[in-house]
Amino acid sequence: MKEFKVRLARVEDLAAVIALERGVAEAPHWPVEEYGAMVPDDREGWVRRCLFVAEGGGGLVGFAVGKTIAMVAEAELESVIVAAAARRAGVGRALCEAVVAWCREAGATTVELEVREGNSGARALYRGLGFVEVGIRPRYYREPVEDAILMRAGTASF
Ligand SMILES: CC(C)(COP(=O)(O)OP(=O)(O)OC[C@H]1O[C@@H](n2cnc3c(N)ncnc32)[C@H](O)[C@@H]1OP(=O)(O)O)[C@@H](O)C(=O)NCCC(=O)NCCS
C-alpha cells in the first residue's frame, strides 16, 4: 500500500474500526459504545478521547486511540492497530504521531502507554517514535498473563 491518509474518525467509520479491532488478537477489545463515544462532537468533558483512522487502497487500514484528562499533564496512547496486509508501510507510525500531536494540543506534555513485553513489533514502533521504557507492570495482561512495559514520550517534538 503506497498511499494512505490519517484523519479523525467519523461515525460512518465505526463499523470498519470495530471489524478491524475484532480481527486483531493483540488489540485491546472494547464495547461498541466506547468507540462511538470517541467520535468528535462538541462535548468538553474532563476525559477526552481521540480516534484517528488511516485510509488507504479504498478502505480503512488502521486506527489509534488516545486519552487526555483535563489538568493532567500525562496523556495515554491507548491503542494502535494496523491491518495485517498494510503493515510496515508507516501507517502505525503516522497514527501514533497524530494521537500524540492531538494530546499535545489538548495540553498534555507527556504521553504514556503500556505494551505486552513480548510485542516486539509494537515496542520497536514506539522506540522509533522516541518513547522510552520507564517501568514494568508485572502480570498486567490476561490471556495470556504477561508483564506490561510502561513507556513514555514528551509531546513537544510531535
Ligand atoms: C504494531 C503495529 C501497530 C505496527 O504498525 P505498522 O503500520 O506495521 O508500523 P510502521 O510501518 O509504522 O512501523 C514503523 C517502524 O516500527 C518498527 N516496527 C513496526 N512493526 C515491526 C515489527 N513487526 N518488527 C520489528 N519492527 C517493527 C520498525 O522500526 C518500523 O520501521 P521500518 O518498517 O522502516 O523498519 C502493527 O504491527 C499491529 O497492528 N500489530 C497488532 C496490534 C498491536 O500489537 N498493537 C499495539 C498494541 S495496542
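**Figure 1. Helix H4 against the sheet in the predicted model.** Helix H4, residues 120-128, lies across strands E4, E5, E6 and E7. Strand E7 covers residues 146-154. The direction of H4 runs at about 160 degrees to that of E5.

**Figure 2. The open sheet of seven strands.** The strand order is E1-E2-E3-E4-E5-E7-E6, and the pairing is mixed. At the edges are strand E1 (4-8) and strand E6 (132-141), each of which pairs on one side only. From one strand to the next, the twist averages 25 degrees. Helix H3, residues 91-105, packs on this sheet and touches E1, E2, E3, E4 and strand E5 (110-116). The direction of H3 makes about 150 degrees with that of E2.

**Figure 3. Pairing of strands E2 and E3.** Strands of a sheet pair through backbone hydrogen bonds, either parallel or antiparallel. Strand E2, residues 47-56, pairs with E3 in the antiparallel sense, over ten bridges. In the register of this pair, Ala 54 has Gly 62 in E3 as its bridge partner.

**Figure 4. A nonpolar patch on the surface.** The patch is formed by Trp 46, Val 47, Ile 69, Met 71 and Val 72. Together these residues have about 560 Å² of accessible area. Val 72 lies in the loop between strand E3 (59-69) and strand E4 (74-82). With a relative accessible area of 34%, Val 72 is partly exposed. Val 72 can belong to the patch because a relative accessible area of 34% passes the cut-off of over 30% used for patches.

**Figure 5. Glu 33 and Leu 14.** Glu 33 is placed in helix H2, which consists of residues 32-36. The relative accessibility of Glu 33 is 60%, so this residue counts as exposed. Between Glu 33 and Leu 14 the separation is 19 residues in sequence, and 9.9 Å in space from C-alpha to C-alpha.

**Figure 6. A cis peptide bond at Pro 144.** Most residues other than glycine have a negative phi, and most peptide bonds are trans. The bond from Glu 143 to Pro 144 is cis, with omega near 0 degrees. Pro 144 is located in the loop between E6 and E7.

**Figure 7. Positive phi at Arg 88 and Arg 139.** Arg 88 is not a glycine, but has a positive phi of about 60 degrees. Its place is in the loop between E4 and H3, and at 87% relative accessibility Arg 88 counts as exposed. Arg 139, also not a glycine, has a positive phi of about 50 degrees. Arg 139 is in strand E6 and counts as exposed, at 55% relative accessibility.

**Figure 8. Salt bridges Arg 10 to Glu 12 and Glu 21 to Arg 22.** The structure holds 13 salt bridges, and two of them are described here. In one, the side chains of Arg 10 and Glu 12 meet at 3.4 Å, N to O. Arg 10 is partly exposed, with a relative accessible area of 40%, while Glu 12 is exposed at 59%. In the other, the side chains of Glu 21 and Arg 22 meet at 2.6 Å, N to O. Glu 21 is buried, with a relative accessible area of 0%, whereas Arg 22 counts as partly exposed at 42%.

**Figure 9. Salt bridge Glu 112 to Arg 152, and a network of salt bridges.** The side chains of Glu 112 and Arg 152 meet in a salt bridge of 2.8 Å, N to O. Glu 112 lies in strand E5 and Arg 152 in strand E7, so the pair ties together parts that are 40 residues apart in sequence. Glu 112 counts as buried because its relative accessibility of 17% falls under the 20% cut-off. Arg 152 is partly exposed, with a relative accessible area of 32%. Elsewhere, Arg 7, Asp 13 and Glu 55 are joined into one network by salt bridges that share partners.

Key: Residues numbered from 1 in each chain as written. Predicted model: local features only at pLDDT ≥ 70, side-chain atom pairs only at ≥ 80, totals over all residues. Heavy atoms only, no water. Patch = residues over 30% accessible without salt bridge, like charges linked within 9 Å, V, L, I, M, F, W, Y side chains within 5 Å. Areas by Shrake-Rupley, 256 points an atom, 1.4 Å probe, with all protein chains shown as cover. Salt bridge = Lys/Arg side-chain N within 4 Å of Asp/Glu carboxyl O. Helix = DSSP H or I, 4+ residues; strand = E, 2+ residues; numbered from the N terminus. Buried < 20%, exposed > 50% of the residue type's maximum accessible area, 1.4 Å probe, protein only. Pairing = 2+ DSSP bridges. Axes fitted to C-alpha atoms, helices over the stretch in contact; angles between N-to-C directions. Contact = heavy atoms within 4.5 Å.
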